[in-house]
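Biologist: I'm new to this one, so could you walk me through it with a few questions and answers?

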Amino acid sequence: MIDISGTSSSSMIIIGHRGASGYLPEHTLPAKALAYGQGVDYLEQDVVLSKDNVPIVIHDIYLDEISNVASKYPARHRSDGRYYAIDFTLTEIKTLRASERFDHRTGKPIYPNRFPLNQSTFHLVTFEEELEFIVGLNKANIDNNREVGIYVEIKEPSFHKNESRSNFSEIVIDILRKYNYTKRTDKVFLQCFDLEELQRIRVQLKSDLKLVGLLSDEKHRSIYKKNDFSYWISEIGIEDMATFVDGIGPHYSDLYEQGTTLEPSKLFNDARKHNLFIHPYTFRSDANLQPFATFDAMLEFYIDKLKVDGLFTDHPDKVVRYIESKHKQSNTGIKLQSSSLALIILSIAVIIL
């Protein structure tokens with residue numbers, strides 16, 4: 001956690017969204033290592049199952065926008081033309097080359113100015129492989145007394161249930177237990193867009209992990225139509241959610257209302273009212289920043305005005321740099337005030353003498 005006390009903000013956490021995915025292909029170990037080195041507090045893992053029930057770290061249930069699966073296994077798509085991770089064994093997935101994200105229909109990169117497609121060699125990893133990697137990074141960094149945590153998302157549990165994997169969450173939680181992530185005080189968050197699944201994890205599976213209810217922005221709500229977000233973002237829904245989650249993960253655009261000035265939204269105020277922490281997603285310096293003029297202006301609104309408890313970013317170094325610059329400005333102000341006070345005291349002393 002970066003302590004930014006002394007500025008207008010309180011302490012907050014920086015979460016490497018799929019690693020430092022603004023610089024290297026998402027969810028690859030090099031992207032995670034770079035994010036670690038840039039100073040994140042948590043690394044995110046999106047998890048889906050392979051055909052042989054091995055949790056894989058990948059953002060989608062599809063393989064065809066972050067790998068060469070279509071050219072490697074051209075006949076293995078479903079009737080919708082998509083290549084699903086759950087249709088491939090771990091051995092088969094390990095033969096794929098991971099890449100920067102691209103549109104599976106056009107082959108064009110989603111972010112053209114990021115790491116070039118098909119350059120260098122990257123691979124997908126299992127959930128356990130990544131956890132082992134983070135253990136190693138934390139051990140190597142022991143002199144700095146810094147432990148980076150994990151931020152796990154269970155991807156589309158209803159899809160997995162329809163694929164006869166109703167125990168998906170149990171598989172993930174068992175692996176977390178193996179690595180001693182079992183309670184709220186551990187450096188782990190478990191998040192999901194399926195709020196009913198989170199409720200099951202808390203109530204039926206009796207998990208004591210910090211649970212985070214992901215909420216979809218207006219643009220993407222149709223993707224998660226199985227979840228009634230109109231209910232969950234209402235005050236009653238937030239109050240209900242607060243009985244089984246510890247925080248919410250909304251799209252950043254759902255946290256403000258735009259008039260002549262930007263003000264906290266009702267969702268933001270309701271979450272605060274019910275003592276839920278707020279970790280918005282996703283802060284990208286190379287995306288459309290409107291209504292903010294610059295990335296720093298965006299960070300200033302969320303960190304210094306709203307005082308969010310944490311945020312997901314593709315560019316951890318830029319968030320760290322912003323926070324450190326604010327801290328330096330604050331320290332400079334304190335020093336100037338101290339100098340001015342010293343001069344005043346000295347002047348009074350001269351007059352008295």
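What follows is a chat about helix packing, spaces and backbone details.

Modeller: Before you start, this is a predicted model, where local features need pLDDT of at least 70, side-chain atom pairs count only at pLDDT 80 or more, and totals for chains, interfaces and linings use all residues. Residues are numbered from 1 along each chain as its sequence is written, and side-chain values use heavy atoms, with hydrogens and water left out.

Biologist: How are H1 and H4 oriented to each other?

Modeller: Helices here are DSSP runs of H or I with at least four residues, strands are runs of E with at least two, and both are numbered from the N terminus. Helix H1 covers residues 29-38 and helix H4 covers 127-140, and they pack at about 30° with axes 11 Å apart; axes are lines fitted to C-alpha atoms, for helices over the stretch in contact, and angles run from 0 to 180 degrees between N-to-C directions. Under 35 degrees counts as roughly parallel, over 145 as roughly antiparallel, 65 to 115 as roughly perpendicular, and the rest as oblique. So H1 and H4 are roughly parallel.

Biologist: Which residues of H4 make the contact with H1?

Modeller: Contact means heavy atoms within 4.5 Å. On the H1 side the contact is made by Leu29, Lys32, Ala33 and Tyr36, and on the H4 side by Glu130, Phe133, Leu137 and Asn138.

Biologist: And how many residues of that H1 and H4 contact are nonpolar?

Modeller: Ala, Val, Leu, Ile, Met, Phe, Trp, Tyr, Cys and Pro count as nonpolar, Asp, Glu, Lys and Arg as charged, and the others, Gly among them, as polar. In the contact of H1 with H4, 1 residue is polar and 2 are charged, while the nonpolar ones number 5.

Biologist: H4 also packs with H6, right? Which residues of H6 does H4 meet?

Modeller: The axes of H4 and H6 come within 11 Å and cross at roughly 25°. That makes H4 roughly parallel to H6. The contact has 5 nonpolar, no polar and 2 charged residues. From H4 come Phe127, Glu128 and Leu131, and they meet H6 at Val172, Ile175, Leu176 and Lys178.

Biologist: Moving along, are H6 and H7 parallel or oblique to each other?

Modeller: Helix H6 (residues 168-178) and helix H7 (residues 195-203) pack at about 55°, with axes 11 Å apart. Ser169, Glu170 and Ile173 in H6 meet Glu197, Arg200 and Ile201 in H7, a contact with 2 nonpolar, 1 polar and 3 charged residues. Given that angle, H6 and H7 are therefore oblique.

Biologist: Now the empty spaces. How much space lies in the second largest cavity?

Modeller: On a 1 Å grid over the protein atoms alone, a cavity is a set of points where a 1.4 Å probe fits but cannot get out, a pocket is an open set with protein on both sides within 12 Å along at least five of seven lines, and lining residues have an atom within 4 Å of a point. Points are joined across faces, edges and corners, and a volume is the space filled by probe spheres set on them. The whole structure has 3 cavities of 30 Å³ or more. The second largest is lined by Glu26, His27, Val57, Ile58, His59, Ile66, Ser99 and Leu124, and its space is about 40 Å³.

Biologist: Which residues lie nearest the centre of the second largest pocket?

Modeller: That pocket holds about 240 Å³. Its lining divides into 6 nonpolar, 9 polar and 2 charged residues. Of the 17 lining residues, those nearest the centre are Ser67, Asn68, Val69, Phe102 and Asn118.

Biologist: Last one: where is Pro291 found?

Modeller: The peptide bond from Gln290 to Pro291 is cis, with omega near 10°. As for its place, Pro291 is in the loop between S10 and H11.
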